[in-house]
Amino acid sequence: MNNVWAIILAAGKSTRMQKQKLLLPFNGETIIEKVVKNAVHTVGKKVVVVLGSHGNEIKKQISKEEPIFCINQNYDEGMLSSVICGFRTLPEDADAAIIFLGDQPHIPASVPLQLIQKWNLTQKGIVIPTFEGKRGHPVLIETKYKSQIEHLDQEQGLRNLMEKFSSDICETACNAPEIIRDIDTPSDYYHEINKNK
């Protein structure tokens, strides 16, 4: 089993940023371009991007990477609706997907590669990176969980999956504080920009 895909969640409204954060500049490109390139670096062209709010503008920014796009009509319902949309779009022969958050452009390339390595070693169905004991993103989930994901509680989202199948989880410690940071507010954004100068 080694057919790993990436699902990038890029459908949210960026309410706390008060503008579409995925289109903000980050190290000479936009936040979403950087995330897509990180995913491509890990899995090649096997990338699904879930669109919703500002979908056309985001699509225009990343079309040259040629990901597969899916439109989440229910993006107002929260992140789980995008995860479901992404899993529905995966090809039949996909074994697992790494779920990337669209607002984590600073994730080191080593992290998703470590997830795949641990998955191959442990044969666990869910692999989660941790930093100083805290769980972060991206996470790897086998496609055998697709139907369970469809029926999770919207409020709890993937946390509900982790609770139900805790015995099938491998946690892998990463020396990467970035996995527990995302960009939600203007101050988060300026903090990351200045960190990366």
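The exercises below work through pockets, a helix, nonpolar cores and backbone geometry in a predicted model.

Residues are numbered from 1 along each chain as its sequence is written, and side-chain values use heavy atoms, with hydrogens and water left out. Because the model is predicted, local features need pLDDT of at least 70 and side-chain atom pairs count only at pLDDT 80 or more, while totals for chains, interfaces and linings use all residues.

**Exercise 1. Describe the largest pocket and the second largest pocket by volume, lining and residue class.**

Step 1. A pocket is found on a 1 Å grid over the protein atoms alone, as an open set of points where a 1.4 Å probe fits, with protein on both sides within 12 Å along at least five of seven lines; lining residues have an atom within 4 Å of a point. Grid points are joined across faces, edges and corners, and the volume is the space filled by probe spheres set on the points.

Step 2. The largest pocket holds about 610 Å³ of space, and among its 22 lining residues Gly12, Lys13, Ser14, Lys21 and Met79 lie nearest its centre. Strand S1 (4-10) and helix H3 (79-89) each give at least two residues to this lining, where helices (H or I, at least four residues) and strands (E, at least two) are DSSP runs numbered from the N terminus.

Step 3. Counting Ala, Val, Leu, Ile, Met, Phe, Trp, Tyr, Cys and Pro as nonpolar, Asp, Glu, Lys and Arg as charged, and the others, Gly among them, as polar, the lining of the largest pocket has eight nonpolar, seven polar and seven charged residues.

Step 4. The second largest pocket holds about 470 Å³, and of its 18 lining residues Met79, His137, Gln156, Leu158 and Arg159 lie nearest its centre. The elements that supply two or more residues to this lining are H3 and helix H6 (158-164).

**Exercise 2. Explain why the buried residues of helix H7 lie on the same side.**

Step 1. In H7 (residues 186-195), Tyr189, Glu192 and Ile193 are buried, where buried means under 20% relative accessible area, exposed over 50% and partly exposed in between (1.4 Å probe, protein chains only).

Step 2. These residues cover an arc of only 100 degrees around the axis, which puts them on the same side of H7; the arc is that of the directions from the helix axis to the C-beta atoms. An α-helix has 3.6 residues a turn, so residues three or four places apart point the same way.

Step 3. The buried residues of H7 pack against strand S2 (25-26) and helix H1 (31-43), whereas the face turned away from the buried side carries the exposed residues Ser187 and Tyr190.

**Exercise 3. Identify the residues that touch the most other members of the largest nonpolar core.**

Step 1. A nonpolar core is a set of buried Ala, Val, Leu, Ile, Met, Phe, Trp, Tyr and Cys residues joined through side-chain atoms within 4.5 Å.

Step 2. Of the 31 residues in the largest core, Ile8, Ile32, Val49 and Leu140 touch the most other members. The largest share of this core, six residues, comes from H1.

Step 3. Leaving aside neighbours within four places in sequence, Val49 is in contact (heavy atoms within 4.5 Å) with residues including Ile8, Val36 and Phe69.

**Exercise 4. Locate the cis peptide bond and a residue other than glycine with positive phi.**

Step 1. The peptide bond from His137 to Pro138 is cis, with omega near 5 degrees, and Pro138 lies in the loop between strand S8 (134-135) and strand S9 (139-142).

Step 2. Phi of His54 is near 55 degrees, and His54 counts as partly exposed at 33% relative accessibility.
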